[in-house]
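Hi everyone, thanks for making time this morning. I'd like to walk you through one structure, so let me put it up on the screen.

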Amino acid sequence: MTNKRLRADLALLFCAMIWGATFVAVKDALADASVFVYIAARFALSAVVIAIVFWRSLSEINPQAIWAGAQIGLFMFGGYAFQTTGLKSTTPSKAAFITGSSVVIVPIILAAFGKRRITPWIWAGALAAMAGLYFLTIPPEGIGGLNRGDPIVLCGAVMFALHIIFVARYIESHSVGALSFLQVATTAVLGALFIPVLSVAHIEQPRWAWTGSLIFAVLVTSIGSTVIGFSFQVWAQQYTSPTHTAIFISLEPVFAVLTSWLLAREHLGGRVLLGAALIFAGILLAELKGPAPAAPESSEPVVPPAE
């Protein structure tokens, strides 16, 4: 069981690396495509690839699996809709670190609405990460200097936290392949449905230009970030808890900052480095002092049973 937990941790770390590296690519892609056209294209391609990879699992899809996948997919769609919309008006690093606030949101949701006890060490780690996020996202002049895209991305962080929790709720009852396909297909369908709605409402007009950077972004995020990343996440969550998953995924913004610095030459000041150090401290505190993560094979359930 220990080896499975270690492999799950490494898989989640790999997910964080992939997701962090794609923020710059998505930011560049939005110069050539509207938000929901990009989301629909990205997740439609992902759904096709997942259907090919997990074709045996598709035969296991039943009404219960469809309901579970639709719920997970709704939160996935919400996360990416808010995150991608906000990314138009903020930097890749800031968007990544705001998204990383899910490390704080997950235990808060579990404690507020569930029956699972969150240890003081996990809370301490979450608070350290939250302090780090503050220094990374709030400018020196205060909250009044927030970029308008930042609170939009924060809404996405809430959706991603719920996504983590709902994956944990249903993974024991359904196959990894089935849930991976259903959540991604749901996101693609919802993205496509929003295109004409937003166009008629004059909120966002559909736009797509066949550029190299856009095609690259779609391929990298569809296959690397979505197919590989979320499949690894769904598999890994069979052997770890939502809080543990959130802590590992909180490394995503660290990789985003590194990528943004290397490729986009985004400036990293002392405030950013302080925030990154606090996030690392929070992660290490929760990892080294927290209890062993709950898993389906352990006596403690991954999430509390539904009421």
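I'll start with one helix, follow its contacts outward, and end with the cavities.

Before anything else, please keep in mind that this is a predicted model.

So, helix α3. It covers residues 35-53, which is 19 residues. From its first C-alpha to its last it reaches 27 Å, close to the 27 Å expected at 1.5 Å a residue.

Now look at what α3 buries. The buried residues are V35, F36, V37, Y38, I39, A40, R42, F43, S46, A47, I50 and A51. And what do the buried residues of α3 pack against? They pack against α2 (23-29), α4 (55-58), α5 (63-87), α10 (176-200) and α11 (212-236).

Let me zoom in on I39, which sits in α3. Is I39 buried or exposed? Its relative accessibility is 1%, and burial here means under 20%, so I39 counts as buried. Setting aside residues up to four places away in sequence, I39 touches Y80, A81, T84, T187 and G191. There is also a nice long-range pair here: I39 and I195 are 156 residues apart along the chain, yet their C-alpha atoms are separated by 9.8 Å.

Next along the helix, F43. Leaving out its neighbours within four places in sequence, F43 is in contact with M76, Y80, V184, T187, A188 and T226. Y80 and T187 are on the contact list of I39 too.

That brings us to the nonpolar cores. The largest has 67 residues, and the members touching the most others are F36, Y38, F43 and F181. Which helix gives the largest share of this core? That would be α9, with 10 residues. There is a second, separate core of nine residues, and among them are L133, L251, V254 and V257. As general background, nonpolar side chains tend to be buried together in soluble globular proteins.

Last topic: the empty space. There are two cavities of 30 Å³ or more, and the largest holds about 220 Å³. Its lining is made of 18 residues, with W19, Y80, F160, F230 and E252 nearest the centre. We have already met Y80 as a contact of F43. On the helix side, α2, α5, α9 (149-170) and α11 each supply at least two lining residues. What classes of residue line this largest cavity? Nine are nonpolar, seven are polar and two are charged.

That's my tour, and I'm happy to go back to any view you like.

Conventions:
Residues are numbered from 1 along each chain as its sequence is written. This is a predicted model: local features need pLDDT of at least 70, side-chain atom pairs count only at pLDDT 80 or more; totals for chains, interfaces and linings use all residues. Side-chain values use heavy atoms; hydrogens and water are left out. Helices (H or I, at least four residues) and strands (E, at least two) are DSSP runs, numbered from the N terminus. The expected span of a helix is 1.5 Å times one less than its number of residues. Buried means under 20% relative accessible area, exposed over 50%, partly exposed in between (1.4 Å probe, protein chains only). Contact means heavy atoms within 4.5 Å. On a 1 Å grid over the protein atoms alone, a cavity is a set of points where a 1.4 Å probe fits but cannot get out, and a pocket is an open set with protein on both sides within 12 Å along at least five of seven lines; lining residues have an atom within 4 Å of a point. Grid points are joined across faces, edges and corners, and a volume is the space filled by probe spheres set on the points. Ala, Val, Leu, Ile, Met, Phe, Trp, Tyr, Cys and Pro count as nonpolar, Asp, Glu, Lys and Arg as charged, and the others, Gly among them, as polar. A nonpolar core is a set of buried Ala, Val, Leu, Ile, Met, Phe, Trp, Tyr and Cys residues joined through side-chain atoms within 4.5 Å.
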